[in-house]
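Colleague: I'm new to this one, so please take a close look at a single part with me. How do the residues of the lining of the largest pocket divide?

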Amino acid sequence: MSGAEHDDRAAVRLLAEEIARATLRPMTIMEVCGTHTMQIARYGLRALLPPQIRLVSGPGCPVCVTDSGLISAALAIAALPQVMLTSFGDMLRVPAGDSSLLAVRDQGADVRYVLSPLDALELAVQHPEKEIVFFAVGFETTAPLTAATLQAARERGIRNFSVIPAHKTMPAALRRLLKDSAAIDALLCPGHVAAVTGADAFAFVPQELGKGAAIAGFTAVAILRAVLALVHMMPQQAPVLVNCYPHVVTATGNRAARAALDAVFQPCDAVWRGLGDIPGSGLALRPAYQEFDALTRFAAAVAAAPRREDHPACRCGAVLRGEAAPVDCPLFARACDPQHPAGACMVSSEGACAAAYRYRPTS
Ligand code: SF4
C-alpha cells in the first residue's frame, strides 16, 4: 500500500467515525452524478456509514435518463440507408423494446461509436456521401462540446452533419424530483455539472426546497466530507449549500462553456426516463442552428417510428427516482447484467444497476 493510499484509508475511517458521531436522526441523501454512483459503490461507502444514513442514487446518468421515445427515433433514423448514426458506446447498447442501436447495426445499419461529437464531425468530412447523425446525450458537462461542434460545423459549411438533441440540464429535474419527494433530506450535488453551471445553480435546493446541498468531489474522502457537511446541517434545521469542491467549482462556473451552450441551445421541455416530461429541463437548438436538427431533417422517419417500450419488469424509473434500489428489481443479476442488460441503468458505466452489479457482494 502506498503512503497516499494509507492516508486515504485512515482519512476515510476517521470521517466515517465522525459522521457516525454527528448523526442524530435518520437521513436520506441523494446523489445525482454517475461518477459519484460508481465511486460510492466502488469504495463500499454505504457500509461504512451508520445505518441512519441512507445514500440513494438519482437521475445522474445521462444515458439512463434518455427515454425510449428518443431512442425509438434514433433507431428509425439509423435504419435509413443514407445515414451513419454515431454516439457514445453506452448509448448504442441501451435496449429499447427488443432492439437497440447495436442490434440495428447487426441488421446492416451504419452505426458507429465515437468518443466525441468532434469525431462524428470528422466522419462527416470523410464521408460526404453519407448523412452523419450524432445522438447527443449528456448533461451540462458534455453539452458544451456538442455546441462547439455545431459551431464548427456551421463555420466550416459542413451540411451532411446533424444531431439528435437529447441533452438535459439538472436544475429543473432536481427541482421536480426533490419537491415531489419528502423522503429525500439532502442532495449530494454533481461536481462535474457544477464546474460548468457554477455552485450558484444549486442554491435553490436550500432556498426553495428547504433541503441541504453539498457539492462534492470524487474521491472517497471528498464524498464523505460532503456527507459530513450535510449531516452537520440537519440539527440546525437551516439547510444551506456548501461547496466542498472549491478548487474546481466556482460560484459562477465555466463562462466559456456556458457561452457556447447559450449560443447554440435554448431551454426546452424534455422527457426523462422515470421522471416524465419536465419543463425547461432539455436543450433544443436555437433557430440559427435548426438546420442541424436530425429530428427535423428526418422528420418523416421519426414520425413513422414505432415506440419501443421498456421491459415490463424493469424498475429503472423507480431506481432513477431513488424509490428503489437495483437489487429490488426482479431482473437484477438474473435476467439483467452488464453483458445482457434489460434496462438502461445496467448498460451505462455510470448506471446505478451497473454499479450495484459490479461491486455486489459475491459470497
Ligand atoms: S436491474 Fe436491469 S431491468 Fe432491473 S432496473 Fe436495473 S437495469 Fe432495469
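**The largest pocket and beyond**

Modeller: The lining splits into 17 nonpolar residues, four polar and five charged (Ala, Val, Leu, Ile, Met, Phe, Trp, Tyr, Cys and Pro are nonpolar; Asp, Glu, Lys and Arg charged; the others polar). Keep in mind that this is a predicted model, where local features need pLDDT of at least 70 and side-chain atom pairs 80 or more, while totals for linings use all residues. Numbering starts from 1 along each chain, and side-chain values use heavy atoms, without hydrogens or water.

The pocket itself (an open set of 1 Å grid points where a 1.4 Å probe fits, with protein on both sides within 12 Å along at least five of seven lines; lining residues have an atom within 4 Å of a point) has a volume, the space filled by the probe spheres, of about 560 Å³. There are 26 lining residues, and those closest to the pocket's centre are Arg46, Leu55, Ala325, Pro326 and Ala356. Which element gives the most to this lining? That's β2, with four residues. At least two residues each come from α2 (34-42), α3 (45-48), β2 (53-57) and α19 (352-358); these are DSSP runs, helices of at least four residues and strands of at least two.

Now look along the chain to α5, residues 68-78. Ten of its eleven residues are buried (under 20% relative accessible area; over 50% is exposed, in between partly exposed). Among the buried ones are Ser68, Leu70, Ile71 and Ser72 at the start of the list, and Ala76, Ile77 and Ala78 at its end.

The model has 14 salt bridges (a Lys or Arg side-chain nitrogen within 4 Å of an Asp or Glu carboxyl oxygen). In one of them, Asp185 pairs with Arg25, and their closest N and O atoms are 3.7 Å apart. This pair ties together distant parts of the chain, 160 residues apart: Asp185 sits in the loop between α10 (170-180) and β7 (186-189), and Arg25 in the loop between α1 (3-22) and β1 (27-31). Asp185 counts as buried because its relative accessibility is 18%, whereas Arg25 is partly exposed at 35%.

Asp110 and Lys130 make another salt bridge, 3.4 Å from N to O. Asp110 belongs to strand β4 (residues 110-113), while Lys130 lies in the loop between α8 (117-126) and β5 (131-138), 20 residues apart. Both residues are buried.

Glu323 and Arg321 also meet in a salt bridge, at 3.1 Å. Glu323 is exposed, at 56% relative accessibility, and Arg321 is partly exposed, at 25%. Elsewhere, Asp67, Arg307 and Glu309 form one network through salt bridges that share partners.

Technical notes. Buried < 20%, exposed > 50% of the residue type's maximum accessible area, 1.4 Å probe, protein only.
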